[in-house]
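Biologist: I've got a structure open and I'm new to this. Could you show me how to read it, one feature at a time?

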Amino acid sequence: AIIALILSALMIVSILIGGVLFALWRLNGSLSLSEVEVPVPQYPVPRRNTAGELLAAAKALQPDSNAIAEACDASQSEAVPAAVKLLARHEGDVQKALRALSGECLLARRSLLDEDTMYWTRLRALARMLSLRARLLQQKGDYPEALATHLQVLRLGDVLSRNGGELGGLTGVNAIDVDVVAFERCIAAAAAHGQGKGLPGRLEALYAQRMTDEQRVGDQWAMSLEMLASMDREFVEAGGAWNPGRLMVRSMMSAARRVQERAALEAMRDARKPYWERTYKPRKPKAMMGDLLTPTFASGPSFARSDATLRGLRLLAAVELYR
């Protein structure tokens with residue numbers, strides 16, 4: 001009887017161990033390939049890509065990035081002297097950036113694990129510098145050039161949203177800020193002086209050429225999968241493929257990838273719907289670790305805000321010109 005009990009206990013332990021090992025085997029595996037087909041947007045590289053000039057201009061502004069931020073946040077009277085000084089120092093860089101944005105500009109895909117962590121902050125500083133330029137031009141009464149500069153800020157946001165640039169927020173930098181209030185005032189002033197007749201059409205063209213919400217979700221998914229695959233390779237290179245502790249972590253990453261796939265597909269379906277029919281899932285408190293492993297593929301508020309800015313500015317321009 002004792003032998004039978006011992007054998008039964010050993011059998012139960014063996015079944016439990018076998019079940020755990022089977023579960024680990026099922027969860028573990030290469031993370032380099034997705035198990036489902038999620039369309040990742042492919043952008044043809046222009047014959048004359050001006051991305052290099054744009055990045056060079058943004059890099060030249062880096063030493064003054066703090067001063068540019070302070071000038072943008074300061075009151076109008078305090079900002080003017082600082083803005084004049086900054087623009088005088090970087091006029092060549094600003095002109096280079098404007099020419100680059102006027103051409104076919106496509107930034108290369110960047111990994112979230114890229115060592116060049118200043119990439120996003122440089123481009124944000126460039127957007128702020130362009131906004132300062134537009135404000136000064138407004139004060140001088142040069143409304144056509146001010147409107148053109150405001151449009152280039154919108155264009156920069158569109159350029160940055162492609163190939164993973166939208167995820168710059170995960171590295172501690174928010175997306176490109178558009179000075180909507182200054183743009184609205186410029187539209188009204190330009191219309192009052194009989195200028196800006198082509199503005200509604202240019203804003204409509206920007207809207208028609210914008211990155212679709214479905215493309216944005218695909219880009220987010222591609223970057224997220226790339227990050228998981230990179231982490232998986234590091235585990236394997238560190239000898240984690242058969243290390244029990246690392247094997248468990250790797251299995252959790254694999255499970256997280258499967259959750260991400262379902263979330264990405266759901267977001268893809270949601271992104272094809274009108275904004276008022278989409279599902280808005282608020283973030284749960286104390287879910288930071290879960291968000292890192294299974295980030296939300298947003299197809300709602302942030303995209304709607306971007307679209308509303310373009311359509312709202314176009315409507316304002318049409319109304320002011322009519323008046």
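Modeller: Let's start with who touches whom along the chain. This is a predicted model, and among its contacts between residues at least 6 apart in sequence, 84% join residues at least 24 apart.

Biologist: What does the secondary structure of the protein chain come to?

Modeller: Count the helices and strands: there are 13 helices and zero strands. Read along the sequence, the pattern is α-α-α-α-α-α-α-α-α-α-α-α-α.

Biologist: And where in the protein chain is confidence lowest, and where is it highest?

Modeller: Look at pLDDT. Helix α12 (residues 288-293) has the lowest confidence, with a mean of 47, while α5 has the highest, at 96. Residues 168-174 have a pLDDT below 50, though this stretch still has nine contacts in the model beyond near neighbours in sequence. Residues 285-290 also stay under 50, and for them the model has zero contacts beyond four places in sequence. The whole chain averages a pLDDT of 79, and 77% of the residues score at least 70.

Biologist: What share of the 323 residues is buried?

Modeller: Buried residues make up 40% of the 323. For a single residue, you compare its relative accessible area with a cut-off: under 20% is buried. Take A57 in helix α2 (residues 51-60). A57 has a relative accessible area of 0%, so it is buried.

Biologist: Which residues is A57 in contact with, leaving aside its neighbours within four places in sequence?

Modeller: Those are D93, K96 and A97. A57 and K96 are 39 residues apart along the chain, yet their C-alpha atoms are separated by 6.3 Å.

Biologist: D93 was in that list. Which side chain makes a polar contact of 3.1 Å with the side chain of D93?

Modeller: That's H90: its side chain and that of D93 are joined by the 3.1 Å polar contact. H90 is found in the loop between α4 (76-89) and α5 (91-102). Being in a loop doesn't settle burial, so check the number: H90 has 6% relative accessibility and therefore counts as buried. Not counting residues up to four places away in sequence, H90 touches A60, L61, D64 and M129.

Biologist: How do I check the length of a helix such as α6?

Modeller: Compare the expected span with the distance between the end C-alpha atoms. At 1.5 Å a residue, the 22 residues of α6 should span 32 Å, and the ends are 33 Å apart, which agrees. Try α8 (residues 180-192) too: its 13 residues should span 18 Å, and its end C-alpha atoms are 18 Å apart, which agrees as well.

Biologist: Is α6 mostly covered or mostly uncovered?

Modeller: Mostly covered: 17 of the 22 residues in α6 are buried. One residue to look at in α6 (residues 119-140) is Q138. Q138 has a relative accessible area of 15%, so it is buried. Beyond four places in sequence, Q138 touches Y143, A146, H150, A182, R185 and C186. A182 and C186 are among the buried residues of α8, a list that also includes F183 and I187.

Biologist: What comes just after α6 and just after α8?

Modeller: Look at the backbone angle phi. G141, just after α6, takes a positive phi of about 85°. G194, just after α8, has a positive phi of about 70°.

Biologist: How do I describe a pair of aromatic rings?

Modeller: You use the distance of the centres and the angle of the planes. The count here comes to one aromatic pair. Y119 and W120 form it, edge-to-face, at 4.8 Å centre to centre and 85° between the planes. Y119 is buried, with a relative accessible area of 5%, and W120 counts as buried at 7%.

Biologist: Which charged end sits over the ring of Y207, 3.9 Å from its centre?

Modeller: It belongs to R210. R311 also lies over the face of Y207, at 4.5 Å from the ring centre. Y207 is in helix α9 (residues 199-208), and with a relative accessible area of 16% Y207 is buried. Not counting residues up to four places away in sequence, Y207 touches D307, L310 and R311. The C-alpha atoms of Y207 and R314 are separated by 9.5 Å, although these residues are 107 apart along the chain.

Definitions and conventions: Residues are numbered from 1 along each chain as its sequence is written. This is a predicted model: local features need pLDDT of at least 70, side-chain atom pairs count only at pLDDT 80 or more; totals for chains, interfaces and linings use all residues. Side-chain values use heavy atoms; hydrogens and water are left out. Helices (H or I, at least four residues) and strands (E, at least two) are DSSP runs, numbered from the N terminus. Buried means under 20% relative accessible area, exposed over 50%, partly exposed in between (1.4 Å probe, protein chains only). A polar contact is a pair of N or O atoms within 3.5 Å; within protein, one must be able to donate a hydrogen and the other to accept it, and residues adjacent in sequence count only if both atoms are side-chain atoms. Contact means heavy atoms within 4.5 Å. pLDDT is the predictor's confidence in each residue, from 0 to 100. The expected span of a helix is 1.5 Å times one less than its number of residues. Rings of Phe, Tyr and Trp (its six-membered ring) pair if their centres lie within 6.5 Å; planes under 30 degrees apart count as stacked, over 60 as edge-to-face and the rest as tilted. A charge sits over a ring if NZ of Lys or CZ of Arg is within 6 Å of the ring centre and within 35 degrees of the ring normal.
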